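Me: I am new to this structure and would like a close look at a single part of it, with enough of the surroundings to place it. Please begin with one loop and go on from there in a connected way.

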Amino acid sequence: MRGARLGVVALGLLAVPLLSSCTGGMLDPQSPRADKVIVLWWVMLGTSSVIFVFLCGLLLWGLRRASRNSARAREGQLNRDRYLVLGGGIALPVTVMVVLMVLTVWAGRSITEAAGSDAVTVEVIGHQWWWEVRYPDTGLVTANEIHIPSGEPVNILLKSEDVIHSFWVPELSGKIDLIPGRTNSLIIEASHPGEFRGQCAEFCGLQHAGMRILVVAEDRDSFDQWVQEQGEPAPALNPADDAQLWEGQQAFLGSACVYCHTIRGTNGSGTLGPDLTHIASRQRLASNMIPNTRGHLAGWILDPQAVKPGTQMPPTQLSADQLDALLDYLESLK
Amino acid sequence: MTGRRFAIAVLGALLAVTAVACSEEDHGPLNVPASADADVGKQLIQSYGCGTCHTIPDVAGADGRVGPSLEDFGHQMYIAGAIPNDWDNLVAWLMDPQAIEPGTIMPNFGMGETTAANVAAYLASLK
Ligand SMILES: [Cu+2]
């Protein structure tokens, strides 16, 4: 009995350093806002651990005492017990709850504190199983990779196209759901440039676990440059000068891709899948499941179901020449 | 109990001896030059993403089914059912598959000779 209890406590204690040693997790915030949440988290963990241990002790003590003089409870003792119940059962919990609530409100306020009116706004729209990313100020559309300026609060507006998803980038903020028919908002801020990985945190179907997101925080100049580049349409091609790229574009426009994907600057304006206008600039493919390199890209186009079973993108059959040209074309969309 | 353990140990030892004997008489068609580095090749395979089309042993996530599995490729006699699997042919295949088998869906990666040699060295080690 004692052994088992000790085991549980030891396991619990072990879990804490294990969790906190994971780099890049919730316990290693990289954002002034997430910093406050983590303070709250530690205070709550500390307080509840102390109370838990205290209560266990009290219970043991009560059990032993009850068995020793069960039938001999006298009037005076009952009075003392009444104080214990009033103090320990009402006063103490009320105090603890009030303190924790004040802290929670403080942390909650700092998370939702409005960003300035000139703050960047990013619209994130959940799809099974990828993230559409829009910057309403500039009209640019991309997917699965959010760029933000570091050291500035950024408004994130969250919507869903189908079912409930949840946006969670642990190093930057807590999670918030994306709910169909509703717009939720969140403010994130990265304290320094870097890359932060996130994950859908609300079960949304077969490829829920394959719905990852990447936040790239960069200094203001690089960010502005990124916005400008991403806003450009794909370059116009003509068959005489860029025969191979033109072939590739024809392969895209001539097969099913065009029904689902947009490449701005071409006739392709499908919206069932991610915008591919600057696909070559993204680090990873398929909602950050595979690196964006030629082999992965080819394999994904020919057999997406092997990479992400259940994904909404069907396999496409292409001839060797079409595939090579299509790969060259997509790789040119920087 | 000890009897059984002893028997297992003997069996294991026997197996090890046969395995060694087998690999001694191994005469794969691929003679890898010392300059080609299989470890570098493995990393290249990982970063190109060959594994999204091929199943390749010991490469993370390499369980693709678009093309043939490359398991045991060091023992395979032909490349793409077209040319003998010797060193020069393998390097040539990796540098430009369509030059060898027009119409094959395996993409051209624009590999230089050194890169192709490193990749080939890893493929040759798959036995
Ligand atoms: Cu999900």
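**A loop in chain A and its surroundings**

Reply: A:Ala286 lies in the loop of chain A that runs between strand E11 (284-285) and strand E12 (290-291), and everything said about it here rests on a predicted model. What deserves a careful look is its backbone, since phi of A:Ala286 is near 60°, a positive value in a residue other than glycine. Most residues other than glycine have a negative phi, and most peptide bonds are trans.

The peptide bonds of chain A also hold something to look at, for A:Gln128 and A:Trp129 are joined by a cis peptide bond, with omega about 0°. A:Trp129 is placed in a loop as well, the one between E1 and strand E2 (130-135) of chain A.

Strand E1 leads on to a charged pair, in which the side chains of A:Lys159 and A:Glu123 meet in a salt bridge at 3.7 Å, N to O. This pair links distant parts of the chain, with A:Glu123 in strand E1 (residues 121-127), A:Lys159 in strand E5 (residues 154-160), and their positions 36 residues apart. Over all chains, the whole structure has nine salt bridges.

Further along chain A, A:Ile176 belongs to strand E7 (residues 176-178), and its contacts, leaving aside residues up to four places away in sequence, include A:Leu158, A:Phe167 and A:Leu186. A:Ser166 is another residue that A:Ile176 touches; the two are 10 residues apart along the chain, yet their C-alpha atoms are separated by 5.5 Å.

Chain A also holds a copper ion, coordinated at 2.0 to 2.6 Å by A:Cys200 (SG), A:Glu202 (O), A:Cys204 (SG) and A:His208 (ND1). In sequence these donor residues follow the spacing C-x1-E-x1-C-x3-H. The arrangement counts as tetrahedral because the four donor atoms around the copper ion subtend angles of 88 to 125°, and the criterion for four donors is that all angles lie between 85 and 135 degrees.

Finally, chain A meets chain B in a contact that takes 16 residues from chain A and 15 residues from chain B. The area buried between the two chains is about 1200 Å², of which carbon and sulfur atoms give 62%. Between them there are zero salt bridges, while eight residue pairs are in polar contact. On the side of chain B that touches chain A, helix H2 (residues 38-48) of chain B gives the most, with three residues, and by class that side has six nonpolar, eight polar and one charged residues.

Terms used
Residues numbered from 1 in each chain as written. Chains lettered and ligands numbered in written order. Predicted model: local features only at pLDDT ≥ 70, side-chain atom pairs only at ≥ 80, totals over all residues. Heavy atoms only, no water. Contact = heavy atoms within 4.5 Å. Buried area = accessible area lost by both parts, 1.4 Å probe. Salt bridge = Lys/Arg side-chain N within 4 Å of Asp/Glu carboxyl O. Polar contact = N/O pair within 3.5 Å; in protein donor to acceptor, adjacent residues only side chain to side chain. Helix = DSSP H or I, 4+ residues; strand = E, 2+ residues; numbered from the N terminus. Nonpolar A, V, L, I, M, F, W, Y, C, P; charged D, E, K, R; others polar. Donors = N, O, S within 2.8 Å, 3.2 Å for Na, K, Ca; no water. Tetrahedral: all angles 85-135°; square planar, octahedral: opposite > 155°, others 65-115°.
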